[in-house]
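Work through the exercises below with the model open beside you. Try each task before reading its solution.

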Amino acid sequence: MTELAPLGATPKRIVVAISGASGAVYGVRLLQVLREMPGVQTHLTVSEAGWLNVRQELDMPRSAVEALADQVYPVHDIGAALASGSFQCDGMVIAPCSMRTLAAVAHGLSDNLITRAADVMLKERRRLILMVRETPLNLAHLRNMTSVTEMGGIIFPPVPAFYQKPQSIAEMVDHTVSRVVDLLGLSQAPSPRWTGL
């Protein structure tokens with residue numbers, strides 16, 4: 001972990017959370033992209049199921065993922081800085097976001113640091129992006145997505161785009177992560193932009 005710079009010297013603080021849905025690659029790739037951006041500071045928290053998916057899907061050790069963030073917080077540390085609205089930050093992405101995490105955010109159940117930090121983002125009117133991962137969707141899922149949207153959150157399913165003719169899964173992941181980076185108000189996305197036919 002690197003020493004945190006004063007807020008005035010750091011234009012963007014971004015919270016990244018990885019929950020237990022399939023798609024841990026989105027959270028890890030987002031951390032990698034943000035790490036390469038000057039003036040961006042990342043704060044990471046991962047659920048227990050999220051760590052299981054990192055190991056299962058990416059075969060990455062926990063230490064390698066933690067090394068991508070400027071600051072790491074245990075998911076059960078409800079007293080961490082992220083749990084307070086006084087912690088100044090510019091956005092939060094839950095990548096991926098499980099249906100359990102979505103439900104907790106939709107109903108204001110701040111039962112771990114991921115859902116508490118998300119609740120803080122909503123109450124402070126800050127950018128919250130949920131990369132929800134499930135299919136097919138039942139009515140509870142859809143209603144929870146509606147609730148979060150009505151509260152100001154952004155529901156962003158990581159749906160691959162094919163109009164740029166991706167040649168690999170990595171290219172599809174990069175395109176999705178680039179879209180999220182755009183939503184955070186950052187400009188140095190790794191994928192080319194659509195310029196028309």
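**Exercise 1: The largest pocket**

The largest pocket has a volume of about 230 Å³. The model is a predicted one. Task: find which residues lie closest to the centre of the largest pocket, and which elements give two or more residues to its lining.

Solution.
- Step 1. The lining has 14 residues. Closest to the centre are Gly23, Tyr26, Arg133, Pro158 and Pro160.
- Step 2. Two elements give two or more residues to the lining: helix 1 (24-35) and helix 7 (169-183).
- Step 3. Helix 7 supplies the largest share, 3 residues.
- Step 4. Sort the lining by type: 10 residues are nonpolar, 2 are polar and 2 are charged.

**Exercise 2: The fold as a whole**

Task: state how many helices and strands the protein chain has, then decide whether its radius of gyration agrees with or departs from that of a compact globule.

Solution.
- Step 1. Count the elements: 7 helices and 6 strands.
- Step 2. Read them in sequence order. The pattern is β-α-β-α-α-β-β-α-α-β-α-β-α.
- Step 3. Take the overall extent. Along the principal axes, the C-alpha atoms fill a box of roughly 50 × 40 × 35 Å.
- Step 4. Compare with the globule rule. A compact globule of 197 residues would have a radius of gyration near 16 Å; the protein chain has 16 Å, so the two agree.
- Step 5. Look at burial. Of the 197 residues, 47% are buried.
- Step 6. Look at contacts between residues at least 6 apart in sequence. Of these, 76% join residues at least 24 apart.

**Exercise 3: Two cysteines**

Task: explain why Cys97 forms no bond with the closest cysteine sulfur.

Solution.
- Step 1. Count the disulfides in the structure: 0.
- Step 2. Start from Cys89. Cys89 is in no disulfide, and the nearest cysteine sulfur, that of Cys97, is 16 Å away.
- Step 3. Apply the cut-off. A disulfide needs two cysteine sulfur atoms within 2.5 Å. The sulfur of Cys97 is 16 Å from that of Cys89, so it is too far for a bond.
- Step 4. Check accessibility. Buried means under 20%. Cys89 has 11% relative accessibility, so it counts as buried. Cys97 has 0%, so it counts as buried.

**Exercise 4: Placing Ala80**

Task: locate Ala80 and decide whether it is buried or exposed.

Solution.
- Step 1. Ala80 sits in the loop between strand 3 (71-74) and strand 4 (91-97).
- Step 2. Its relative accessibility is 8%, so Ala80 counts as buried.
- Step 3. Leave out residues up to four places away in sequence. Ala80 then touches Tyr73 and Leu113.
- Step 4. Now take Glu124. Ala80 and Glu124 are 44 residues apart in sequence and 17 Å apart from C-alpha to C-alpha.

**Exercise 5: Backbone details**

Task: say where Pro96, Pro136, Asp59 and Lys165 lie, and describe the backbone there.

Solution.
- Step 1. Pro96 lies in strand 4. The peptide bond from Ala95 to Pro96 is cis, with omega near -5°.
- Step 2. Pro136 is in the loop between strand 5 (127-132) and helix 6 (139-150). A cis peptide bond joins Thr135 to Pro136, with omega about -10°.
- Step 3. Asp59 is in the loop between helix 2 (48-58) and helix 3 (62-66). Its phi is positive, about 55°, although Asp59 is not a glycine.
- Step 4. Lys165 is in the loop between strand 6 (154-155) and helix 7. Its phi is also positive, near 55°.
- Step 5. Exposed means over 50%. Asp59 has a relative accessible area of 67%, so it is exposed. Lys165 has 64% relative accessibility, so it counts as exposed.

How values were computed:
Residues numbered from 1 in each chain as written. Predicted model: local features only at pLDDT ≥ 70, side-chain atom pairs only at ≥ 80, totals over all residues. Heavy atoms only, no water. 1 Å grid on protein atoms, 1.4 Å probe; cavity = no way out; pocket = protein on both sides within 12 Å on 5 of 7 lines; lining within 4 Å. Points joined across faces, edges and corners; volume = space filled by probe spheres on them. Helix = DSSP H or I, 4+ residues; strand = E, 2+ residues; numbered from the N terminus. Nonpolar A, V, L, I, M, F, W, Y, C, P; charged D, E, K, R; others polar. Buried < 20%, exposed > 50% of the residue type's maximum accessible area, 1.4 Å probe, protein only. Rg over C-alpha atoms; globule rule 2.2 N^0.38 Å. Contact = heavy atoms within 4.5 Å.
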